[in-house]
Amino acid sequence: MRTFEEARRDITRELGLIAHPGALKYESVSLRNSLGRVLVNEIRADRLYPPFDRSLRDGYAVRASDVAPNAKLKLIGELKAGDTPQISVAPGTCVQIMTGAAVPQGADAVVMIEHTRSEADTIVFDRPALAGQHIVPRGREAAEGQVLLVRSARIGFAEIAVAAQVGAIDLQVYRKPRVAILSTGDEVVSAEEKPGDFQIRNSNAYSLAAQVTLRGGEPVVLVNAKDTEQDLHEKIARGLKEDMLVLSGGVSAGKYDLVEKVLRDLGAHFHFDAVAIRPGKPTVFAICNGKPVFGLPGNPISTMVTFELFASLALELLSGAQAKPLAFLDARLGESLQEKTGLAHFLPARLTWPDGTPTIAPLKWQGSGDLAAVAKANCFLYIPADRSKFECGETVSVLPRRDVL
Ligand code: AMP
Ligand code: MG
């Protein structure tokens, strides 16, 4: 059986064949609508940054060689941010300057206002100045044409600011991958319906759509499939029209777990159908008609965990972004723990900061159907497959729920 790291390598390799930059479609979006999208082209500086020698402080522009303790310089003018500097600083003079203003000719340093006092039309300095202090020279941040955002960068708030700075108000971004979501199971009714005594509402279609959205995809939720070959065949074939298909349920060893059989009939090539993890062991990854297909186990927490571990990686690559490793954090274990070896565990857990140190406590849960437990979890505690005993206070790895942490 594959480890989850091996399974992720399989996905990265297979998606590399499908989702290379030349194969992905793109579109133009306005900068304001670009949050979370992935850049097709790099973004370059349109001029020097800063475009002029810029003051970093409110104070006085001086010739550093004029300023010794108790030096007095004649104040000859003032420059605000945005002003065109028209005065120059001759020996024995200074100019009041604000943060963001252009340093005038002749000056080579800025002295903070806090280190001066004003006496009639002169300024008295209480300490020496060094040439260059509190000035960012023209072009020091970026040369004209320098790449500021690389291709395949995911656009976050900082990237939006950079694009705005250089006037890139329309961006070429990869199209959002359309992800078909197909829940399965005779017992599953839609969330709008009142379930019969032995039926359950379809929560997986909702959590999967949310996970797809959070990861930059466009969810396409299909009507739940019955546990029959015919219904599965029809709905899987419909799902394969999208860029990727994610199924929930029907991949375990039960008599009515028919997803793999139907995928095989549709010509799927399987890369794995089990991963050494708990929850989520029966996870399936296949390529069918050139599309990545994930068959995730139907128990809601298994579905969520396996989406985060596997399907999200494929979605990231289909979005045109680079594959990233799982973003584990270190935390202190808040209690001792004993787990069976053999499978890597991803247990619903809660990260808190009781004394400032991130501290993790696994939540009591009644197995992978226990949605009430996972709603209290803000992360998953990772237990490696080869370890069973953990002492209270040990450092362990946790996988944050990125939607709430
Ligand atoms: P399965 O993987 O098909 O054996 O499903 C395992 C269990 O997960 C089922 O018995 C249900 O209790 C639950 N389950 C399956 N599909 C869903 C769904 N769409 N929403 C919520 N729970 C589900
Ligand atoms: Mg089922």
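Domain bounds here come from an automatic or database domain assignment. On that basis, the protein chain of this predicted model is divided into domain 1 (4–25 + 176–318), domain 2 (54–136) and domain 3 (329–400). The centres of domain 1 and domain 2, taken over C-alpha atoms, are separated by 65 Å.

The overall dimensions make a helpful companion to that figure. The radius of gyration of the protein chain is 30 Å, whereas a compact globule of 405 residues would have one near 22 Å. Taken along the principal axes, the C-alpha atoms fill a box of roughly 95 × 50 × 40 Å. Of the 405 residues, 47% count as buried, and the protein chain exposes about 19900 Å², with carbon and sulfur atoms supplying 52% of that area. In secondary structure, the protein chain holds seven helices and 28 strands. Its contacts often reach across the sequence: among those between residues at least 6 apart, 71% join residues at least 24 apart.

We may turn next to the sheets, beginning with one built around strand 13. This open sheet has six strands in the order 16-13-17-21-20-18, and its pairing is mixed. Strand 16 (218–221) and strand 18 (269–272) stand at its edges; each has a single partner strand, so one side of each is left without a neighbour in the sheet. From one strand to the next, the twist averages 25°. At one of these edges, strand 18 runs antiparallel to strand 20 (residues 284–288), and three bridges join the two. H269 has I287 in strand 20 as its bridge partner.

Two helices pack on this sheet. Helix 3 (residues 204–214) touches strand 13 (178–183), strand 16, strand 17 (244–248) and strand 21 (291–296), and its direction makes about 160° with that of strand 16. Helix 4 (residues 229–239) touches strand 13, strand 16 and strand 17, with its direction at about 145° to that of strand 17.

Helix 3 deserves a closer look at the residue level. Its buried residues are N204, A205, S207, L208, A209, Q211 and V212. These buried residues pack against strand 13, strand 16, strand 17 and strand 21, and also against helix 6 (300–318). Just after helix 3, the backbone at G216 takes a positive phi of about 90°.

A second open sheet, also of six strands, has the order 7-4-6-5-9-8 and mixed pairing. Its edge strands are strand 7 (109–112) and strand 8 (116–119), each of which pairs on one side only. Here the twist averages 40° from one strand to the next. Strand 7 is joined by four bridges to strand 4 (residues 59–62), and the two run antiparallel. Within this pair, Y60 stands opposite V111 of strand 7.

The loop between strand 5 (72–79) and strand 6 (93–97) contains S88. With a relative accessibility of 42%, S88 counts as partly exposed. Once residues up to four places away in sequence are set aside, S88 touches I76 and Q105. A long-range reference point is L315: S88 and L315 are 227 residues apart in sequence, and their C-alpha atoms lie 57 Å apart in space.

Strand 22 (residues 329–333) offers a neat illustration of both pairing directions. Four bridges join strand 22 to strand 28 (residues 395–400), and this pair runs antiparallel; here R332 stands opposite T395. Two bridges join strand 22 to strand 25 (residues 359–362), and that pair runs parallel; here L333 stands opposite I360. In general, strands of a sheet pair through backbone hydrogen bonds, either parallel or antiparallel.

A final local example is V162, which is found in helix 2 (residues 157–165). At 22% relative accessibility, V162 counts as partly exposed, the buried class being reserved for values under 20%. Leaving aside neighbours within four places in sequence, V162 is in contact with L148 and L149. V162 and L148 are 14 residues apart in sequence, and 7.4 Å separate their C-alpha atoms in space.

Technical notes:
Residues numbered from 1 in each chain as written. Chains lettered and ligands numbered in written order. Predicted model: local features only at pLDDT ≥ 70, side-chain atom pairs only at ≥ 80, totals over all residues. Heavy atoms only, no water. Pairing = 2+ DSSP bridges. Axes fitted to C-alpha atoms, helices over the stretch in contact; angles between N-to-C directions. Rg over C-alpha atoms; globule rule 2.2 N^0.38 Å. Buried < 20%, exposed > 50% of the residue type's maximum accessible area, 1.4 Å probe, protein only. Contact = heavy atoms within 4.5 Å. Areas by Shrake-Rupley, 256 points an atom, 1.4 Å probe, with all protein chains shown as cover.
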